[in-house]
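Work through the following exercises with the sequence and the model at hand, and try each task before reading its solution.

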Amino acid sequence: MISPIVKAFEQAEKLLSIDKKTLQAFKKRLQKNNKYYKADGVDDHFCVGVLVICRKENKMFAGHHIKSDSWMGAGGHMDTGESPFHTAVRECEEEIGLKVTNAILFDLTHFDDVNRVGCAQHYDFFYKVELDSTPDLKFDSNEFHEGGWYTYDEVLKKKLLPKYRASLLKLFNS
């Protein structure tokens with residue numbers, strides 16, 4: 001049985017414009033072993049990030065993440081056996097109270113500088129969720145110091161991880 005992570009990567013490789021270095025990092029990690037989840041006890045594992053945006057208002061949801069001390073959207077570690085898409089859906093509901101069904105994979109990133117216990121490297125599947133309005137979202141105070149809707153320019157002025165910033169720019173410029 002093929003892993004949902006391998007399936008998602010193969011789909012991304014065919015459909016998305018991903019830089020060669022990131023593709024090679026994903027391929028190498030997928031070939032290393034089949035322990036893909038943090039719960040498998042590996043410090044190089046797969047995660048999901050979700051950018052929730054409202055193009056009509058040029059805004060996105062962003063929160064000041066407690067563990068990384070940087071600004072980002074919903075996302076996190078995948079549960080064992082979970083697909084990246086299902087992680088995106090679950091994390092949106094858990095972290096910002098948003099039920100989604102329309103998450104679309106748009107980018108892959110490889111963070112090799114996570115520097116947290118149990119997390120040396122993240123291989124991230126980035127999803128976007130486009131909304132017609134900016135609903136009142138309740139962020140999880142165990143995940144974020146603060147959060148809310150911000151214009152794209154406001155988000156880009158915040159403290160962002162470099163590869164997160166690159167994914168934002170890729171989305172904003174699409």
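**Exercise 1. Determine in which element Asp124 is found, and whether Asp124 is buried or exposed.**

Solution. Asp124 is found in strand E6, where helices (H or I, at least four residues) and strands (E, at least two) are DSSP runs numbered from the N terminus. The relative accessible area of Asp124 is 7%, and the classes to apply are buried for under 20%, exposed for over 50% and partly exposed in between, with a 1.4 Å probe and protein chains only. Asp124 is therefore buried. Once neighbours within four places in sequence are left aside, the residues in contact with Asp124 (heavy atoms within 4.5 Å) include Phe26, Cys47, Asp107 and Thr109.

Before going on, note that this is a predicted model, in which local features need pLDDT of at least 70 and side-chain atom pairs count only at pLDDT 80 or more, while totals for chains, interfaces and linings use all residues. Residues are numbered from 1 along each chain as its sequence is written, and side-chain values use heavy atoms, with hydrogens and water left out.

**Exercise 2. Describe how strand E5 pairs with strand E6, and which residue in E6 stands opposite Leu105.**

Solution. Start with the pairing: E5 and E6, the latter covering residues 121-130, run in the antiparallel sense over seven bridges, the criterion for a pair being that DSSP finds at least two bridges between the strands. Leu105 has Tyr127 in E6 opposite. Next consider the cover of E5, which comprises residues 104-111 and has seven of its eight residues buried. Thr109, found in this strand, counts as buried because its relative accessible area is 5%. Beyond residues up to four places away in sequence, Thr109 touches several others, among them Thr22, His122, Asp124, Lys163 and Ser167.

**Exercise 3. Find where Asn58 and Asp69 are located, and give phi for each.**

Solution. Asn58 is in the loop between strand E1 (44-54) and strand E2 (59-65), whereas Asp69 is in the loop between E2 and strand E3 (70-72). Phi of Asn58 is near 50 degrees, a positive value in a residue other than glycine, and phi of Asp69 is likewise positive and near 50 degrees. For the cover, Asn58 has 43% relative accessibility and so counts as partly exposed, and Asp69, with a relative accessible area of 36%, is partly exposed as well.

**Exercise 4. State where Lys7 lies, and how far its C-alpha atom is from that of Pro162.**

Solution. Lys7 lies in helix H1, which covers residues 4-15, and its relative accessible area of 49% makes it partly exposed. Although 155 residues along the chain lie between the positions of Lys7 and Pro162 when counted as a separation in sequence, the spatial separation of their C-alpha atoms is 27 Å.

**Exercise 5. Why does the radius of gyration of the chain agree with that of a compact globule?**

Solution. The radius is taken over C-alpha atoms, and the globule rule is 2.2 Å times the number of residues to the power 0.38. For 174 residues a compact globule would have a radius near 16 Å, and the chain has 15 Å, so the two agree. The C-alpha trace spans about 40 × 35 × 25 Å along its principal axes, and 50% of the residues count as buried. Finally, the secondary structure comes to five helices and seven strands, and of the contacts between residues at least 6 apart in sequence, 68% join residues at least 24 apart.
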